Structures are given as structure tokens and as C-alpha cells.
Amino acid sequence: MRRLRLMVTLIQVALLSHHPAAAVMTNFRFAQVTPSFPSDLQRCLLMTKTVEDGSVASCAVACHSMQSCFLFCIQGTTCHFFRAKVTNGWAGAGTGAPNQFSRCWSLYQYSNDIGLGVSTASQSVFLTYDHSNPVGKLYSCDDPNSCYESNIESNPFWMADLGSPKSVSEVRIHKYGLFNPVVEFRLGNDTTAANNPHFVTSFTPTIFGELFLKPPTPVIGRYFFVTENLVSDIRVCDVWILGVQDSDIWKPNWNN
Ligand SMILES: *[C@@H]1O[C@H](CO)[C@@H](O)[C@H](O)[C@H]1NC(C)=O
């Protein structure tokens, strides 16, 4: 029921900006999300701003004008702007959460993270960076507890098991590290990484250091792998594996 309600609470704001050649209309949309977050949300606070009318549209326009604003929340007449990323599948941090607002809106209108909470595997685990961490939540704010890290070893890998072959349109890795240029992303039905086709063959980090892996058409597979075919270590954090339904509704593209 909640999801249905959220789907209809998108707000859309049209802005007229002045391009030298022509006036360009920019459309952007936010989806309302559950307004309670854990304490680490404050790590991603960009700024707060009091708006006279405390209106959603005023906050939305201000958020849109900040390049790294992905989430804004309203409390009274104050807008709180964050670079935290949350999908509209976010269930909230629960009552009594330290960051409780009256309303929050996210740029990420994805409710179809089919990787959320799936079983995961790896060859090794460095310290507390367990392989289950990256798919633990639908909310991303530089939390080291959302990272997997391997030891330095031969052919390190991180794998997410979707349970059955699923159509995957995009994989978003919000933070990563230690990658060697030979890093590979594979999706298929085999539990051995190398026996699966490459999910994408080219990939470029966004200006915020994320990897959005999007093949030309969705790929069907059960096991998603991040791996390197050499002696190395890898780190991946906050991974969203997006199914086909709503991954293409809209996405911010600040790279252009
Ligand atoms: C995985 O299995 C499904 C269902 O049998 C099939 O449609 C899909 O093409 C397979 N994926 C790969 C990468 O072989």
C-alpha cells in the first residue's frame, strides 16, 4: 500500500534556464520517501535553508540548483539538503530515528532494487567489511558499514545472488576502491565468475565517483560479480541492482 501511495507523490518542477542559443526547459522530479534516517545522514548534509513558505517546490528548486543534492527534507520552514542517496523503496530507520523530518524527497525514483538483502559471497573478507554489507540498505551516505572489502588475493570477487535469473537493467555502485583497471563486472547463471558474460565492457565513474553500469539492453542472470583476474583486492559499497520496471523513469545526469 505504501508503495502505491509513494508512486503518486512525485513532484515535478519545470525550470526555464537561459541558454545562449535558446531557452532550455529542464524538468526534474523528486519522489517522496520515508522521512526517518539513521545518525550518519548528517555526514551527507550539504546545508540547511529557511524558506518563507516552507514549500516543497522552494526546497526542490534549491536542491536542484546544487549539483550534489540528491535528497531534501522539510521540517517546519527549514529545508535540509543532503548528498545522501535513497530510493523510494527506503523503509525508513524506524520510530525514534535521530533524523526524523516531516517530509523528505529524493531524486532517485527507484523502487526496484532487486539486489536488496539478497545473499552474497566472496573469497575472503577484510576485517569487518562483510560481503553482505553493500546490499544491506536502500540508502547511501558514506557509511563504511555498507562496504565489502577483500584481502589481497588471487582473483578476488564480490558476488550477489539474485535467487533466480532476473532481468537487470543497471547496477549502481555508489562507492568503490582498490580497483585495478582490469576490474570486471559479470552477470550470468554460473557460480564461477569467469563463466559469465561481461555485464558491461566500458564504464566511467560519475563526477561523484560512482559507477553506473548500464548495458545497452537489460541482461538476464542470477549472479552478479565484481572481480579482478589477478592478485589484488577490491572494495565495493552501496550497490543497487536495478530491475527493469522503473530504472528508466528518470535519472539525474550531471555529467553532460
Ligand atoms: C540465464 O538463464 C535465463 C533463464 O534460463 C536465460 O534467459 C538467460 O539468458 C541466462 N543468462 C545468461 C547470461 O546466460
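User: Which residue is the bridge partner of Ala121 in β14?
Analyst: Quick note first: this is a predicted model, where local features need pLDDT of at least 70, side-chain atom pairs count only at pLDDT 80 or more, and totals for chains, interfaces and linings use all residues. Residues are numbered from 1 along each chain as its sequence is written. Strands here are DSSP runs of E, at least two residues, numbered from the N terminus, and two of them pair if DSSP finds at least two bridges between them. β10 and β14 run antiparallel, joined by four bridges, and in β14 the partner of Ala121 is Met159.

User: Which strand gives the most to the largest nonpolar core?
Analyst: That core has 61 residues; such a core is a set of buried Ala, Val, Leu, Ile, Met, Phe, Trp, Tyr and Cys residues joined through C-beta atoms within 7 Å. Buried means 20 or more other C-beta atoms within 10 Å of a residue's own, with C-beta atoms placed from the backbone. With nine residues, the top contributor is strand β14 (residues 157-177).

User: Why does this core lie between domain 1 and domain 2?
Analyst: The domain bounds come from an automatic or database domain assignment. The core lies between them because residues come from both domain 1 (2-106) and domain 2 (119-243).

User: Which residues does Ile241 touch?
Analyst: Ile241 is one of the core residues that touch the most other members. Contact means C-beta atoms, placed from the backbone, within 7 Å. Leaving out residues up to four places away in sequence, Ile241 touches Asp113, Ile114, Gly115, Ala160, Val168, Val171 and Phe224.

Methods: A residue is buried if 20 or more other C-beta atoms lie within 10 Å of its own, exposed if 12 or fewer, and partly exposed in between; C-beta atoms are placed from the backbone. Two residues are in contact if their C-beta atoms, placed from the backbone, lie within 7 Å.
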